[in-house]
Each structure stands twice: as C-alpha cells, then as structure tokens.
Amino acid sequence: MKHGIHFFDRSIFTTAIQDFTAVIKEDPMNAQARLYRGRAYAKQQQYRNAIEDLSAALHLDPFCWLAFYHRGCILRHVDPKRALQDFSVSVLINDTQENFYSFLHRGVIYAEQCQWSFAICDFESVLALDRSVTFAYLSIGLIMLLHLDQYYKAIQLFTDAIEVDPLNVRAYICRAQAYHKIHNLQNAVRDINRAIHLYPNKSQLNILRGKYLMEMKKYELSSLCIHQVAEIDEESFKSQPVQRALIQSFCQNHNKAIECICEVIAIQPEPSMYVLLGKIQMKAKKTKDAMESFKHATKLLIASGRTLPNTFEAAEMHYLIGLCYMEQVNLLKACDAFSVAVRLHSSYPDAFYQRGLCRMQLGQAMCIQDFNRTLALCPSHFQAYMSRAVYYGSKGRYSKAILNCNEALKIDPNSVRAYFYRGTLKYQNKTYKVAIEDLSKTIDLNKSCILAYYNRAVSYNQIKDFRKALKDYGILLLLELKKEIVFKVLINRGLLYVELGDYANACEDFKEATLHRPFDSQIFQAIGICYHRINEFEEAVRSFNQVLKLDPLSVDAYVERGNSYMENGQEPDRKQAQKDFLKALHLNPKCVKARICLGCNLQALGKFQKAWNQFTVAIDIDPKCHAAYDGRASVCLQMGETFAAFQDTNAALKLTTTAALLTNRGVINQFMGYLSCAMRDYQNAISVDPDYALAYFNAGNIYFRNRQFSQALGYYSKALQLEPRNESAVMNRAITNTLLKNIKEAKEDFEKAVSLCPFSAAVYFNRANLHYGLKQYELAEKDISTALSIQPNDALMYKFRADIRAKLGFRKEAIDDYKQAISIQEQINSI
C-alpha cells in the first residue's frame, strides 16, 4: 500500500494502479486502496474504472468524503445532477478548509445551471474557508456583473481578487468591464492598461482599450491602440486596404481612410467601393462629396446593367443620397430620394422611417403612415416608436405618445431618451407623480442628464414637494450648464423661494440671475420686492431705481418704490412715496393699485378726505376691488364715520372673505359697542385662517374687557404663538397673568415686553403695579421711575410713585411727587 501511494504521489500512475490492484486482491475490503486506484484511473482518463473504484470505496466506507469529491469531479460534465449530490454529501461529511474544493466545484455547477444565489453561497463558503482563492472572488464578481447588474459589488470583488493576486490579468479585465458599466471610463482604461502590461501581445486587450478611449472622445489615443493591433499582424494589415480604411475611419482619421478607398477605386471602380467611399465622406462631414460618390455609384450600376426595380443595392444608394439631402436640410429632395428607395425595395424600414422624419419636419400628416409602415416591417424599430411619440406629443395627444414610449422601452428597457420623453409627456398630461418616476429613472441611468433634473424639479414644484424641488435645482447648479439653463434654474428656484416665503434666498438667486441678464428689468423688480419683504427698504429702493433706469415707463416699479418709501415711516419718505404714486397714475390713470397706495399715503399724512377720494375713484374704476373698499373703510373709521366704514367693509366681504376683512369689521363693531358681533367676526376670522394672529389678539381684548381673564389668556397665548414679537399681546398677557395671580408667568411676560419695547412707559408702569401688589416696593419704585423718565408729564404715574415712596417711608419724596402730580393735573385742566 505504501509502495503504491509513493508512486501515486510522484504521478507514476501505471505502477501505482498495479500496486493498489495487488492490495485489493489480498484485501478486497480495503477502501483506501479502492480510493487511490480510482483516483489513479481518473488521472489516466479511465473514468468508467475510476467511478467503479470510487463507488466501491464509498460502499466500504460511506463517510469517505474524498471519494464523494473525486466522483463528483468525474461526473461534473456528464451528469451534473449526480455530481451536485456527491459534492453536497462530501461537504456534509467534511466542511473544513481541506475540502473547500467541493464547495468550489458545486458553485461552478450551480453557475452553469444559472442558479445564481446558490452559486454565490458556495463561493462565499470557499472564501470563508480560504480567503486566498481568487477564482471564488472572480466567480461571484462575474455573476454580479453579467447577471445581477450589481456593478459596484462586482468591482469590490474584483478588487479583492487583485489584492490576493496582483498579477491576475482576468481580474483586471473583469474590473475594467464593471467600470465601463458604471461609465467610469477612466478607471476602466487604467485596468486595461495593467492587463496589457502583463500580456502585451493580446490584441483583444488593445481593441478593448481603443473602444474605451473612443467613448472618452480621446480619438488620438484610440487610433494608437488600433495601430498597435495592426502592428501585431502588420503584413495582413497592409495587404487589406479596405480593412485599413475602416480602421482609419474608426479612428476618425477620415482623410486617410478616403485615401485608402481611393487607392482601391483606382484599381477596382466598383459601385460598392463608391458607396463605401460615400459613407466615409459622410462621417467626415463632406456631404457634397458623399452625394457625388453615391450618384457615381448609381451611374456605374446602370452602366453595368445590374439595375433592377427591386434591387436593394440601388435602394440603399438612393437612401444614402436622401441622408445627404437631410444633412443639407433640403427636405423635399430628401423625401423624393427616400421615395425612390422604397419604390426600388418595398421592404426597406429605414427608408420609410427617414421619409417619415422628413414629412414630420415638413408638417405633413402622412409621416405617421411612414412610421407605421416602418414598424410593420421592423417591429423592433426603436427610433420609429420614439418619432411617432414625438409626433403625437406635438399634436397634444399625450396618452397616445406615452403608449409609443412604452413600446420603445420594451425594445430598449434602459433608454435614457425614452424615459425622459415619457416623463415630459406625463408632465404635460398633468400626471406629475408618475412623471417624477420616469424622470428619476432617467437620472438613475444618466446621472448628468440636465433636463431630467430640471423637469423633475418643475414636477416636484407642481405637487408642492418644495424640498425635493430645491434639491434638484441645487444639483443642477453644481453641474456644468449653459448660461441659458443656469438663468432659468436661478429664476425658477427664486420663484420657489418666494412661494415658500424665503425672500432672502430668493433675493440671492435673482441677484445671481442679473449676472446673466443685466438688462432685464423684471429681475430687478423681483429683487426689489424680495428686499421689501425682508424689510430692507433702502435696498428695495435701489433695486426699483435700477428698474426705472432700464424701463422709465414701468408703472409697477413706481408703485413698489413708493411702497418701500412708505415703510420707512419718515415724513420725507412719505412725500417721496406720494410722488412715485402720482407718477404711476400719470402713466396709467386707471392703475387701481397705484390709487390704493396713494390713498394709504394720504391717510398716513392725515389727509383723510383726499385719501377717501382716491379710494372712491379706485372703486369706480374697479367695483370688484375689495382692497379699495377696505382702504376707504379704514379712512371712514378714522374720520369718525363708523357706519360708512361698516358698509364699506361689508361690501369688501361680499367680494371676498378673508380673515383680515372679518377682523376689520370686528374692530368697527367694537367701536360701535356691538361686542358680541365683534367677537363673532373675530371667531369667523379664526375659522377662515387659524394662523391670523390679530384675530386672536382682538378676541382676547374683548374677553379681557368682560373680565373673562382665563379665556383672554388663552387667546393672547395663541396670538403670541403665531407672532412671538407682538409687544401688545405680550404686555396684555402679562397684565392678565397679574390679575389671575400667575406671578411667575407675569414676570416672564414683563421681562419679554421690556426686551421688545425698552422705551415703553406703559410696560414699566404695569410691572410696577405687579411689584406693588407683591409688596416689592423697591422694585416698584425703580420701574415707575423708569416709566417717568420715558414719559415725564404723567400725573397718574407721579401719584403712583408717591404712594410707593410713602410705603417705603420716603415722606419728603412722596410729598414732592404728590405736588408734581397736582401741578400737572392743574395744567391739563386749565387747557
């Protein structure tokens, strides 16, 4: 037995078989001898004898995992099912590192049977036992690359294989192909270069590198690769000038390719050679020369007597002539050439398709018949479906266009163009959510598809998903865009920010847009409005000044500039605003907005009758302008004409129902003493707009007046939740908390009121009252003194401070305050 094993280990299988046979004759039950002899037979390709011995070994020793393994190896190609069973039993008996080949072979069989998940599982088991098996990495990677489309995982696996074996050419080639799948051409070329370095004479590697360089538009390097291929078999390359011409044409060396074909034509002036010459000339953008070549080919065909009515060769020539006419934008002649082509060969789908394109560009409805004929001849004609979709889309028949895109996607499921166009059609059809799905698929297929991001952003805007729309606009601005697209993106994003109320960011986008169109007055108008909304009125005025420089007759610019002046609140600014409103009315006397703004301006200047007149004129111009009624109501209220104000507010409410108008009517009702009606108006205002703070504040005031302090507190709190900086609401809530004995809350509110209005005497006076009630006389005295420093001629406050000082024992100071209070009151009475 030892003698036989010795010869087996040294691959002297004939002698080893003789020794194992002798052992088996002596001991027929020797399983080990059967195993070794079976393995020796397998080495000598005596597979039948090998299987018999291995089966006998297993009969004698059912737990011999090596016998199962070797029998599985023999049966792998002839009986894969039994081989799987043998490998499975082998790993069941022994799943350690010494039996990893059973996992490996079983994985190969699963891969051959397209059972990818089982194959991956076995190869992963191999790697768990031995991390240095590069074949396992490569096998899993190829499954990921070729069958599961998981390119990034494949790249990682090929990288792992290279780390184990840096000289493995196959790993570099596979990783290059995976990089190519994800359009990472730079890394793909780098890996192919490494493979070529290891195997420099492999012509296929040079061809593959040339292909990748061609896709990267590095034509000179691509040409060099093709020449390297030619140098490997230089003689055969030189003896085939047509092949040389094709290679030169592939490398974009069209002039050299033309020279090669001309050499052939000089010897062999065949029609086919002229056709080939014309095709190369078309690639070289020498359309006139190409047309001459094709026409010369047709003349030769006629001269040779080979022209027939249904000859495809002749039809192709006319088809190519038609393409040349299309290149020259001579659509009528192109259409005639394609018509000749389909007459000569009625089963020519490309000729029908190109004629359809010509007719579509000429606005002829017959184009659809050509597209239909194309698809009847070639149902897998992707371009015909897409062109038919374009035609139906141009006619507004979006559903039918979408169906054609669906058919195109059945032919090419990864077509960026088809997904993009179907997405835009769905947008036009106002089915925005499904449009977003198609545009997202477009982006998945092509991360740099600018129009897909743009259209998806617009679609997100339509469904009010502003966050995602802003994200897409942001991505677009990170890409390399044409100036026109950048401008549109900035304008759209700016308008989106305006819709969200984010006027600061909108302003920044509009300002950047002015760099692209510095003479567009509308952009400066938008910038001015944004500055106005963020209370930067001086900047707003500057922007409107720029608008008026570009467009001196812009009524809107005068109105908006006037409004910005008004917001400053100073007398000179109001005068300037009045001038702007008058200029706007001079340009357009029927501009209702300008009249309303002028009315508000006159009202602010105390010229109530003139303001009333402006609002009245605005109503005469547009009887349905609720803002004019509201403005006149406000003036009437200030003039003491309460009932007239009430009538105008009612007229405005008949035109539109808003929280502001209801609140205004509530104020008028409150002036008239109808508190229940006022409260009803405030409650209706809240139901119309639950976020209208003034309605809550006014309702809280009525509750406060009726001494319903708990209810008042709730309404003041809601008003402050909506407008945290409303100093009146803060102070009123502080007083309410004081009356409700909510001392801590009252103090907090007074602190906030002081921070909001540090120069309000009323705040300090009311806080002094709080401290007085708490017998904190020193704090009360400090607050009332601060109030008097702000408002020094108030008899009531002097009297209050006198009371506080009396409590503190400051009798002299108290008497002085009493005297001051009496003196101020006497002065008031004498007036």
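These notebook entries record what I looked up in a predicted model.

**Entry 1: helix H27**

I began with H27, residues 432-445, and compared its length with expectation. At 1.5 Å a residue, its 14 residues should span 20 Å, and I found the end C-alpha atoms 20 Å apart, which agrees. I then listed its buried positions: Tyr432, Ala435, Ile436, Asp438, Leu439, Ser440, Thr442 and Ile443. In reading that list I kept in mind that an α-helix has 3.6 residues a turn, so residues three or four places apart point the same way. Next I asked what covers the buried residues of H27. The cover includes helix H26 (416-428) and helix H28 (450-462).

**Entry 2: the largest pocket**

I turned to the largest pocket, for which I noted a volume of about 660 Å³. It is lined by 15 residues, and those closest to its centre are Tyr151, Lys181, His183, Asp444 and Leu445. I traced the lining back to the helices: H10 (151-164), H11 (169-181) and H27 each supply at least two residues. H27 provides the largest share, 3 residues. By character, I recorded 6 charged, 5 polar and 4 nonpolar residues in the lining.

**Entry 3: helix H46**

I repeated the length check on H46, which runs over residues 761-773. Its 13 residues reach 19 Å from the first C-alpha to the last, close to the 18 Å expected at 1.5 Å a residue. Which residues of H46 are buried? I listed Ala761, Val763, Tyr764, Phe765, Asn766, Arg767, Ala768, Leu770 and His771. Among the elements that cover these buried residues I noted helix H44 (727-739), helix H45 (743-756), helix H47 (777-790) and helix H48 (795-808). I also examined the backbone just after H46, where Lys775 takes a positive phi of about 65°.

**Entry 4: the nonpolar cores**

Lastly, I looked up the largest nonpolar core, which has 115 residues. Which of its residues touch the most other members? They are Tyr473, Phe510 and Ile784. The helix that gives the most to this core is H30 (residues 483-500), with 7 residues. I followed Phe510 further, leaving aside its neighbours within four places in sequence. Phe510 is in contact with Ile491, Gly494, Leu495 and Val498, and also with Ile523, Ala526, Ile527 and Cys530. I closed the entry with a second, separate core of 60 residues, whose members include Ala297, Ala315, Leu344 and Ile368.

Terms used
Residues numbered from 1 in each chain as written. Predicted model: local features only at pLDDT ≥ 70, side-chain atom pairs only at ≥ 80, totals over all residues. Heavy atoms only, no water. Helix = DSSP H or I, 4+ residues; strand = E, 2+ residues; numbered from the N terminus. Expected span 1.5 Å × (residues − 1). Buried < 20%, exposed > 50% of the residue type's maximum accessible area, 1.4 Å probe, protein only. Contact = heavy atoms within 4.5 Å. 1 Å grid on protein atoms, 1.4 Å probe; cavity = no way out; pocket = protein on both sides within 12 Å on 5 of 7 lines; lining within 4 Å. Points joined across faces, edges and corners; volume = space filled by probe spheres on them. Nonpolar A, V, L, I, M, F, W, Y, C, P; charged D, E, K, R; others polar. Core = buried A, V, L, I, M, F, W, Y, C linked by side-chain atoms within 4.5 Å.
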